[in-house]
Amino acid sequence: MSASGGTKAIVAALGANLAIAVAKFVAFLFSGSSSMLAESVHSLADSGNQGLLLLGGKKAQREATPQHPFGYGRERYIYAFLVSIVLFSVGGMFAVYEGYEKIKHPHEVEAWYWPVGVLVFAIIAEGFSFRTAIKESNQTRGSLSWTDFIRRAKAPELPIVLLEDFGALIGLVLALAGVGLALGTGNGVWDGIGTLCIGLLLIAIAIVLAAETKSLLLGEAAGTDQVDKIKAAVVDGDTVTGIIHMRTLHLGPEELLVAAKIAVQHDDTAGEVANAINAAESRIREAVPIARVIYLEPDIYNEAAAAAGTNPAKTPGGGTPATPGPEAPEPGAAESGATDSPADPSEPSSPADPATPSGPTESSH
């Protein structure tokens, strides 16, 4: 797993959760507090989740095979999704059930100093883990807000650790409040209410994680900044005069696929077009190093045919060629919606032009 995967934050969270899980379970045995039992299961589930993240990061490093030619980068997304399932079932649902049972059959908290002492220790340990996750995240977060960072991050590990640690700290405060109210009033129902609140909190966090990792599993495009850099890198204003359309897709957190149909001069030779494509690939890699799989297909851009096409706003990735060169079309021209080849029969597409190669050119990677 790369540094951006937050390995340091995961290991810190794993160590803290294992120690806290043991301490909470011991406190439950001495006090009988259901909040302590729910919190011990929560910490145990979090420990298992960190193990899943580390396992997913290791499996994602496997080399590509003929059966999986784009590699195993998405393993990290799969294991991140498993984390949300574990957090929902083992952590959230168990806590809800335990809280419900404690509310129906309350009993006093015994040996109160055990749960209180363990909860204070757990808050300190979780605070250290949360601080590490924040420090790691700030290295890649940039100017994004925390909400935007969690929603837009392509590496799932840091958002998961952040949400888990945040949820753990809130859960510890709820458990401490439940135990405190149960001791102050002599009514064990408050302990059950605290446990129920912990379960609902974990379920809410699990749903957020599932929604975000589902989007990554379906396949997300590159960020806006990266797309702008790629567009600027493709066009040289000489041979490559514009981008007819372009698609990007994350094959993994640190691996990006770029596929584009580029506009070239109608009188360029095959050698000139091939050299231009190679140069464009080099510029893309220099601008966006994670762009490791690149397909560029040359074509003759026909402004009249493009203008007669569909609305570019309704065509994903469609629009005008980027950064116009001397021969670039006027802004507002759109890609033809029916086919990728020009619609004007007087303007042959690349397969009919002997000087222009057809089909995608894949970079060596």
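This report describes helix packing, helix lengths and enclosed space in a predicted model.

**Helix pairs**

Helix 3, which covers residues 75-104, and helix 7, which covers residues 189-218, have axes that come within 7 Å and cross at roughly 160°. Angles over 145 degrees count as roughly antiparallel, and helix 3 and helix 7 are therefore roughly antiparallel to each other. Their crossing is left-handed, and the residues that make up the contact of helix 3 with helix 7 comprise 23 nonpolar, 8 polar and 4 charged.

A second pair is formed by helix 1, residues 7-31, and helix 2, residues 34-59, whose axes come within 8 Å and cross at roughly 155°. That angle makes helix 1 roughly antiparallel to helix 2. The crossing of helix 1 and helix 2 is likewise left-handed, and the contact of helix 1 with helix 2 draws on 14 nonpolar, 7 polar and 3 charged residues.

**Helix spans and the glycines that follow**

The table sets out three helices with the span expected at 1.5 Å a residue and the distance found between their end C-alpha atoms.

| Helix | Residues in helix | Expected span | End-to-end C-alpha distance |
|---|---|---|---|
| Helix 4 | 29 residues | 42 Å | 40 Å |
| Helix 6 | 29 residues | 42 Å | 41 Å |
| Helix 7 | 30 residues | 44 Å | 44 Å |

For helix 7, the end C-alpha atoms lie 44 Å apart, which agrees with the span that its 30 residues should have. The 40 Å between the end C-alpha atoms of helix 4 also agrees with its expected 42 Å, and helix 6, at 41 Å from its first C-alpha to its last, is close to the expected value.

What follows each of these helices can be read from the backbone angles. Helix 4 is followed by G142, which has a positive phi near 65°. Just after helix 6 comes G186, with a positive phi of about 75°, and just after helix 7 comes G219, where phi is again positive, at about 110°.

**The largest pocket**

The largest pocket holds about 700 Å³ of space. Its lining consists of 22 residues, and those lying nearest its centre are T140, L144, R152, K154 and Q226. At least two lining residues come from each of helix 4 (113-141), helix 5 (146-152) and helix 8 (224-234), with the largest share, 4 residues, supplied by helix 8. By residue class, the lining of the largest pocket divides into 10 nonpolar, 6 polar and 6 charged.

**Closed cavities**

Searching the whole structure gives 2 cavities of 30 Å³ or more. The second largest cavity contains about 90 Å³ of space. Which residues line the second largest cavity? They are I150, R151, A153, A155, P156, P159, I160, L209, E212, T213, L216 and E220. Helix 5, helix 6 (157-185) and helix 7 each provide at least two residues of this lining, and helix 7 gives the most, with 4 residues. The lining of the second largest cavity is made up of 8 nonpolar, 1 polar and 3 charged residues.

**Elements that recur**

Helix 7 thus appears both in the contact with helix 3 and in the lining of the second largest cavity. Helix 5 supplies at least two residues to the lining of the largest pocket, and at least two to the lining of the second largest cavity.

How values were computed. Residues are numbered from 1 along each chain as its sequence is written. This is a predicted model: local features need pLDDT of at least 70, side-chain atom pairs count only at pLDDT 80 or more; totals for chains, interfaces and linings use all residues. Side-chain values use heavy atoms; hydrogens and water are left out. Axes are lines fitted to C-alpha atoms, for helices over the stretch in contact, and angles run from 0 to 180 degrees between N-to-C directions. Angles under 35 degrees count as roughly parallel, over 145 as roughly antiparallel, 65 to 115 as roughly perpendicular and the rest as oblique. A crossing is left-handed if the near helix is turned anticlockwise from the far one by less than a right angle, and right-handed if clockwise. Ala, Val, Leu, Ile, Met, Phe, Trp, Tyr, Cys and Pro count as nonpolar, Asp, Glu, Lys and Arg as charged, and the others, Gly among them, as polar. The expected span of a helix is 1.5 Å times one less than its number of residues. On a 1 Å grid over the protein atoms alone, a cavity is a set of points where a 1.4 Å probe fits but cannot get out, and a pocket is an open set with protein on both sides within 12 Å along at least five of seven lines; lining residues have an atom within 4 Å of a point. Grid points are joined across faces, edges and corners, and a volume is the space filled by probe spheres set on the points.
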